[in-house]
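Student: I would like to work through a structure by question and answer. Can we begin?

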Amino acid sequence: MRYCCCWGFPVESSTSIANCHPSTEAISRTQTQTTNTTYSGGSNFSKNSHFSAASDEEAFPDGQILPDPNLRIFTFAELRAATKNFRPRTVLGEGGFGKVYKGWLDEKPSWRNGSGSVIAVKKLNSESLQGYEEWKSEINFLGRLSHPNLVKLLGYCLEDRELLLVYEFMQKGSLENHLFGRGSVVQPLPWKLRLKIAIGAAGGLAFLHQLERQVIYRDFKSSNILLDGLYNAKLSDFGLAKVGPSSSKSHVTTRVMGTHGYVAPEYVSTGHLYVKSDVYAFGVVLVEMLTGLRALDGNRPRGRHNLVDWIKPVLSDRRKLKSFMDSRLEGRYPSKTVFQVAQLALKCLEQEPRCRPSMKDVLETLQRLEAPSEKSMEPKVRNRNNNQGIAQGRGQKPLYPPRSPLHPPPRSH
Ligand SMILES: Nc1ncnc2c1ncn2[C@@H]1O[C@H](COP(=O)(O)OP(=O)(O)OP(=O)(O)O)[C@@H](O)[C@H]1O
Ligand SMILES: [Mg+2]
């Protein structure tokens, strides 16, 4: 299904998106007014904007473009209080933009998003290379896009030099943490949940790609896939998103943005960006889910730093694939389905963007694969042994500490 909307802004750059977007007026107004006083509401926003994540999702399961961003403007004092003065213990994780804190709003919740008044607050680090442009892009995209597989942006704060973003709190943290986090608080993800997460993330990308003016997400990776209490996947971080070019044309960018290990080869070598560049990154995440190995890992032996370069030849060999599967699955997965997922990953990883499937096709394939019975989910002892040889015997444990130490203590949120 195509989503009917006209973004009404040109495709050239994310800056021009911001310039044309209805929310920009309010944002720049915020900027000028905050020099002297705290801005607390413009015509587009109100302090009492409702945060109806759940009800929106129920009413529009296929997503929608909101006519106006329904974002609340928070004061810095409110967010400082919510995060207990940005106390280190409330840190959920840290990325290029800055730290992300868990917060509690001290007010009666009037919204029905299931998580009460718990929020996640992303605070720009003054040394961050990402910055105002990405902060604005996040507001312009996430503030207007609503879909069950996109994280809900609740509001923002801009005061003096402080830039913050406020999101719905995602109880289970990021996929990255579940796949690569070590220690007793991180439970290995069973196969069924991996498939559910892949379907959710594919749903988010398919939604963006099926908009009348397609959106290229540009930073698809396991740390940007957040999980709610039921492991529903939602994409976060639209700082690099771009409104796509028409049909199969590409953007040509002078600065390649994204994350090493996930960026499509044509984008790296030519600067040409397609919606199919997102499909490539999706393939990389599928391989991470199968193997439990990071897209890029300098601690692996030479020639194996880049997961795709290393594993791609293995994906089409059913027998070899078994020995590369994530040891934390302990052999509990349906071999046939896993092989089909590997074939799907291979298609997503085609060198030529045209040869990659659309995200709609990817989504439908994954949904079909989820359906069959799980007859072959019994542990396969032989496989487990092989596995340990690959995933753990080569210095995988633990390569990195989990980036978000508070994530995801399963019962602590
Ligand atoms: N809404 C949220 N709810 C719960 N945890 C969150 C939320 N947003 C972010 N996090 C946590 O904070 C971590 C850091 O997120 P952030 O998006 O800032 O960085 P990143 O994705 O790891 O890196 P990058 O800056 O390269 O995108 C995430 O991995 C996740 O664990
Ligand atoms: Mg992120």
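Student: In which helix is Phe 141 found?
Tutor: This is a predicted model. Take the helix that spans residues 132-142. Phe 141 is found there, in helix α5.

Student: Is Phe 141 buried or exposed?
Tutor: Count the C-beta neighbours inside 10 Å: Phe 141 has 28. The cut-off for burial is 20 or more. Phe 141 therefore counts as buried.

Student: Which residues does Phe 141 touch, leaving out those up to four places away in sequence?
Tutor: Set aside the residues up to four places away in sequence. What remains for Phe 141 is a list of contacts: Val 215, Phe 238 and Ala 241.

Student: How far apart in space are Phe 141 and Tyr 217?
Tutor: In sequence, 76 residues separate Phe 141 and Tyr 217. In space, take the distance from C-alpha to C-alpha. For Phe 141 and Tyr 217 it is 10.0 Å.

Student: How many residues of α5 are buried?
Tutor: The buried residues of α5 include Trp 135, Ile 139 and Phe 141. Charged residue names appear too, among them Glu 134, Lys 136 and Glu 138. Helix α5 is largely enclosed by the rest of the structure, because the buried count is 9 of the 11 residues.

Student: Now the sheet. In what order do its strands lie?
Tutor: The sheet is open and has 6 strands. Its pairing is mixed. The order is β2-β7-β8-β5-β4-β3.

Student: Which strands stand at the edges?
Tutor: Look for strands with a single partner strand. Each of these has one side left without a neighbour in the sheet. They are β2 (72-73) and β3 (91-94).

Student: In which sense do β2 and β7 pair?
Tutor: Strand β7 covers residues 153-159, and 2 bridges link β2 with it. Arg 72 stands opposite Gly 155 in β7. The sense of the β2 and β7 pairing is parallel.

Student: How many bridges join β4 to β5?
Tutor: Strand β4 covers residues 98-104, and it runs antiparallel to β5. One bridge pairs Tyr 101 with Val 121 in β5. The number of bridges joining β4 to β5 is 7.

Student: Which residue in β8 stands opposite Ala 120?
Tutor: Strand β8 covers residues 162-168. It runs antiparallel to β5, with 5 bridges joining the two. Opposite Ala 120, in β8, stands Tyr 167.

Student: Why is β5 largely enclosed by the rest of the structure?
Tutor: Lys 123 is found in this strand, residues 118-124. It has 23 C-beta neighbours inside 10 Å, so it counts as buried. Strand β5 is largely enclosed because its buried residues number 6 of the 7.

Student: Which annotation covers Lys 123?
Tutor: Among the residues that Lys 123 touches are Phe 86, Lys 99 and Leu 164. The annotation comes from UniProt, in an unreviewed entry. For Lys 123 it reads "binding site".

Student: How are α9 and α12 oriented to each other?
Tutor: Helix α9 (residues 275-291) and helix α12 (residues 335-348) have axes 8 Å apart, at an angle of about 150°. The cut-off here is over 145 degrees. That makes α9 and α12 roughly antiparallel.

Student: What is the handedness of the crossing of α9 and α12?
Tutor: Residues of α9, including Phe 282 and Leu 286, meet residues of α12, including Val 341 and Ala 345. The crossing of α9 and α12 is left-handed.

Notes: Residues are numbered from 1 along each chain as its sequence is written. Chains are lettered from A and ligands numbered from 1 in the order in which they are written. This is a predicted model: local features need pLDDT of at least 70, side-chain atom pairs count only at pLDDT 80 or more; totals for chains, interfaces and linings use all residues. UniProt positions are given in the numbering used here, feature names are shortened, and annotations may be inferred rather than shown by experiment. Helices (H or I, at least four residues) and strands (E, at least two) are DSSP runs, numbered from the N terminus. A residue is buried if 20 or more other C-beta atoms lie within 10 Å of its own, exposed if 12 or fewer, and partly exposed in between; C-beta atoms are placed from the backbone. Two residues are in contact if their C-beta atoms, placed from the backbone, lie within 7 Å. Two strands pair if DSSP finds at least two bridges between them. Axes are lines fitted to C-alpha atoms, for helices over the stretch in contact, and angles run from 0 to 180 degrees between N-to-C directions. Angles under 35 degrees count as roughly parallel, over 145 as roughly antiparallel, 65 to 115 as roughly perpendicular and the rest as oblique. A crossing is left-handed if the near helix is turned anticlockwise from the far one by less than a right angle, and right-handed if clockwise.
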